[in-house]
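Here are my notes on the helix packing in this entry. Please read them with the coordinates open.

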Amino acid sequence: MRPTLIGTVRERAGEALLRRVAGPSADRKRARIHGSPGPRWFAPDRPVRVVHGDASMYVGGLAALLLQSLHPVAMSAVWAHSGFRGDPWGRLQRTSTFLAETTFGTADDAERAVERVRAAHARVTGTTSDGVAYRASDPALLSWVHLAETACFLEAHRRYGRTPLPDDRRDGYVADMASVARRLGIPDPPVTEAGLAGALERRRGEAAVTAESAGTARYLLAAPPLPWPARLPYALLAAAAVDLLPPWARRLVVLPAHVRLLLPVARPGGRLVIAAIRWVTPPPPVRPGPSGG
């Protein structure tokens with residue numbers, strides 16, 4: 001009875017998590033992305049597949065959102081146009097689907113995913129509260145988002161990955177991400193880990209605390225749209241994400257008191273939560289197609 005009960009709990013928890021992250025049709029979506037025949041942009045052994053297929057992405061994704069929120073212009077566009085506050089799960093599901101399609105899907109699916117994002121960006125224009133005009137297709141804004149994601153995903157995998165990439169493959173992950181970035185309209189993205197660190201360092205002066213960044217941190221860290229039983233594991237995940245940020249960025253994030261209190265145990269807490277996520281998440285269908293270009 002006990003193994004059956006444990007298996008049922010594990011299965012239901014995994015299904016609930018996938019529905020949150022990938023939407024109500026998560027199973028069908030995973031089957032299509034992973035199981036459809038055809039060439040892929042990335043071969044099965046590419047670093048981007050290793051990183052994006054690991055549960056450490058939960059920490060990396062939250063850290064990336066916090067880092068992205070520190071760019072005043074980028075955050076103004078997100079608050080005004082993305083549905084971030086009104087439909088946070090929908091936005092998460094769209095982002096996770098884009099990453100899955102470009103990393104694991106067929107080349108045709110990946111191309112369509114990029115075209116959808118480019119079309120959406122082309123429609124987003126506006127003005128910040130300080131009177132600065134913006135457009136989401138601006139390569140500088142796209143680059144900030146790309147740098148934040150790449151740096152946070154890579155660092156999360158180094159710290160929490162099941163089998164972290166060896167040093168000689170970390171440049172390969174940055175290069176894989178750069179190939180998608182160029183298709184999105186980002187010119188000359190970094191292709192090495194050193195180049196990535198240098199690009200972020202050069203742009204750190206653009207980061208600032210704003211009402212939008214403070215509101216984003218409060219929403220993500222203090223009031224996530226989750227049932228109460230999930231709040232403690234999420235608090236540990238949030239502390240791990242804050243701890244993942246570069247020190248200069250961490251100082252700019254407005255932290256709720258409970259996250260500050262959890263920072264001393266951020267790494268063991270993060271390992272515990274990621275291990276639980278890894279335990280409940282079912283493996284994806286396996287049908288790797290030949291790599292594309």
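1. Start with the outward side of H10. Ala194 and Arg202 are exposed there. Bear in mind throughout that this is a predicted model.

2. Now turn H10 over. The helix runs over residues 193-203, and its buried residues are Leu196, Ala199, Leu200 and Arg203. Viewed down the H10 axis, these buried residues stay within an arc of 95°, so they line one face of the helix. An α-helix has 3.6 residues a turn, so positions three or four apart point the same way.

3. What covers that face? The cover over the buried residues of H10 includes H4 (57-68), H8 (139-160), H9 and H13 (247-250).

4. H9 deserves a look of its own. It spans residues 167-183 and holds Arg170. Arg170 has a relative accessible area of 5%. Buried means under 20%, so Arg170 counts as buried. Beyond its neighbours within four places in sequence, Arg170 contacts Leu154, Glu155, Arg158, Leu165 and Glu193.

5. H12 is another case. Its 14 residues, 231-244, reach 20 Å from first C-alpha to last, close to the 20 Å expected at 1.5 Å a residue. Of the 14 residues, 11 are buried, so H12 is largely enclosed by the rest of the structure. The buried residues include Tyr234, Asp243 and a run of alanines from Ala238 to Ala241.

6. Which helices pack against the buried residues of H12? They are H4, H8, H11 (211-222), H13, H14 (257-262) and H15 (266-280). H4, H8 and H13 also appear in the cover of H10.

How values were computed. Residues numbered from 1 in each chain as written. Predicted model: local features only at pLDDT ≥ 70, side-chain atom pairs only at ≥ 80, totals over all residues. Heavy atoms only, no water. Helix = DSSP H or I, 4+ residues; strand = E, 2+ residues; numbered from the N terminus. Buried < 20%, exposed > 50% of the residue type's maximum accessible area, 1.4 Å probe, protein only. Contact = heavy atoms within 4.5 Å. Arc of directions from axis to C-beta. Expected span 1.5 Å × (residues − 1).
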